[in-house]
Amino acid sequence: MKITEKISLKPFNTFGVESAARYFSTFASAEELKTLLTEEKFKELPKLVLGGGSNILLCADFEGLVLKNELKGIELVSEDAKHVFLKAGSGEVWQDLVEFCISRNYAGIENLSLIPGTVGAGPLQNIGAYGAELKDVFFQLEALSLKDLSLQLFSLTDCRFGYRNSVFKQELRGKYIILSVTLRLNKMPQLNTSYGAIEKELERMGVKEKSIQAISKAVISIRRSKLPDPQTIGNAGSFFKNPEISREDYLLLKGNFAELVAYPLEDGSFKLAAGWMIEQCGWKGKRFGDAGVHVNQALVLVNYGKASGQNILDLSEKIIASVKEKFGLSLEREVNTI
Ligand code: EPU
């Protein structure tokens, strides 16, 4: 645990934007975290916990204490005939946990392969991809209260998961730091290939017998073909959420835009493909200086090198305005702006 002053956060955010932190420290245990939080000189300062920095847009310097999460460890805590319960430190890299499970045949997170970021970010925004969401395998998490430094357990219902949403993005925003996450995984895989692109990819790969290993490979291949690798081009995955609208609003919109891409939800409402709408507004592949809209996926904003967080935020504002004008809908950002 070493506190550094005036450090560049460029290596710590996948957008690769420049931003300076006044103070920076890692923490590798709950005790280290508590020590940092109770230190007199940091008491009144804003705090920012960073995991993989893969869902954040830094639009200015951070005049506070950045806490880089290095809580590691994956542990099998219990099992029954059908399940294993795995507890992972919130600072573990998500993909390392996925590989840990795939190599042991623990099923449930193979569709979530290659999502950038750390385990702790999973419940924060209920990460999801290719027909699966974290909530499907979530058991509980342990978090530290910033108010009184007590440790608290949150169950599935406590977390109030929704689409890219949880209680930690709503009323408990900024009030807790997630320390560990326990998942309930299946010993007997129930394969989920409901997302059309997976079946197509398995066929293309010539897979005869489906398995969690094959699904993981298919998902990785689809992601690589559509989504830019943050190591090469700065980005934070989908920049906006796909809007959810009522059946009436959907039918009205569909009347005006016959090609509208939408998916029915269980409650009768519809989820719209925001990437399609952004593409229809002419943004796909556009570049303004070093800020741009990805060539293969219009929902993803990218930094080609020297764009600032503000440049990317400005571009997102223009996109929101043009989608509003054409489709009458306000896109919401998925990425957290600081
Ligand atoms: N589409 C276009 N043009 C585009 C992009 C998309 O027409 O430029 C249309 C296509 O018809 C496509 C449909 O939109 O079939 C859906 O696109 P895609 O399958 O790429 O998924 P998405 O809705 O754009 C969501 C998640 C992704 C996740 C994929 C796969 C959100 C905000 N994003 O994207 O999650 O990987 O589904 O499940 O829900 C992330 O959250 O960072 C992320 C990458």
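## The S6–S7 hairpin

Strands S6 and S7 form a hairpin with three residues between them. Five bridges join strand S6 (residues 74–79) to S7, and the two run antiparallel. Within this pair, Ser78 stands opposite Phe85 in S7. Strands here are DSSP runs of E with at least two residues, and helices are runs of H or I with at least four residues, each numbered from the N terminus. Two strands count as paired if DSSP finds at least two bridges between them. Strands of a sheet pair through backbone hydrogen bonds, in either the parallel or the antiparallel sense.

## Basis of the model

The model is predicted: local features need pLDDT of at least 70 and side-chain atom pairs count only at pLDDT 80 or more, whereas totals for chains, interfaces and linings use all residues. Residues are numbered from 1 along each chain as its sequence is written, and side-chain values use heavy atoms, with hydrogens and water left out.

## Strand S5 and its parallel partners

Strand S5 (residues 62–69) is largely enclosed by the rest of the structure, because seven of its eight residues are buried. Buried means under 20% relative accessible area, exposed means over 50%, and partly exposed lies in between (1.4 Å probe, protein chains only).

S5 pairs with strand S2 (residues 20–27) through six bridges, in the parallel sense. Thr26 stands opposite Lys68 in S5. Strand S3 (residues 47–50) is likewise joined to S5, by four bridges, and these two strands run parallel. Here Val49 has Leu67 of S5 as its bridge partner.

## The four-stranded open sheet

An antiparallel open sheet comprises four strands in the order S13-S19-S18-S17. S13 and strand S17 (287–288) occupy the edges with a single partner strand each, so one side of each is left without a neighbour in the sheet. Strand S18 (residues 291–293) and strand S19 (residues 300–303) are joined by three bridges in the antiparallel sense. In this pair, Val293 stands opposite Leu301 in S19.

## Ligand surroundings

The ligand is surrounded by 23 residues, of which Tyr130, Tyr163, Tyr195, Glu279 and Gln297 come nearest; a residue is near a molecule or strand if one of its heavy atoms lies within 4 Å of it. Polar contacts, defined as pairs of N or O atoms within 3.5 Å, further require within protein that one atom can donate a hydrogen and the other accept it, and residues adjacent in sequence count only if both atoms are side-chain atoms. A polar side-chain atom of Tyr195 is 2.4 Å from an oxygen atom of the ligand, and one of Glu279 is 2.6 Å from a ligand nitrogen atom. The backbone also takes part: a polar backbone atom of Ala298 lies 2.8 Å from an oxygen atom of the ligand. Taken alone, the ligand exposes 820 Å², of which the protein buries 83%. Accessible areas come from the Shrake-Rupley method with a 1.4 Å probe; for residues, only the protein chains shown count as cover.

Helix H6 (212–226), strand S13 (234–238) and helix H8 (274–280) are the elements that give two or more residues to the shell around the ligand. H8 supplies the largest share, three residues. By class, the shell has eleven nonpolar, five polar and seven charged residues; Ala, Val, Leu, Ile, Met, Phe, Trp, Tyr, Cys and Pro count as nonpolar, Asp, Glu, Lys and Arg as charged, and the others, Gly among them, as polar. Domain 2 (74–186) and domain 3 (234–337) each provide at least three residues of the shell, with domain bounds taken from an automatic or database domain assignment.

## Loop residues

Ser90 lies in the loop between strand S7 (83–89) and helix H2 (94–104). Ser90 is buried, at a relative accessible area of 0%, and a polar atom of its side chain is 2.8 Å from the backbone oxygen of Ile178. Asn126, in the loop between helix H3 (121–124) and strand S8 (128–129), is also buried, with a relative accessible area of 0%.

Most residues other than glycine have a negative phi. Phi of Asn126, however, is positive, near 40°, and phi of Arg160 is positive, near 45°. Arg160 belongs to the loop between H4 and S12. Gly162 is found in the loop between helix H4 (156–159) and strand S12 (176–186) and counts as partly exposed, at 23% relative accessibility. The C-alpha atoms of Gly162 and Leu67 are 27 Å apart, with these positions 95 residues apart along the chain counted as their separation.
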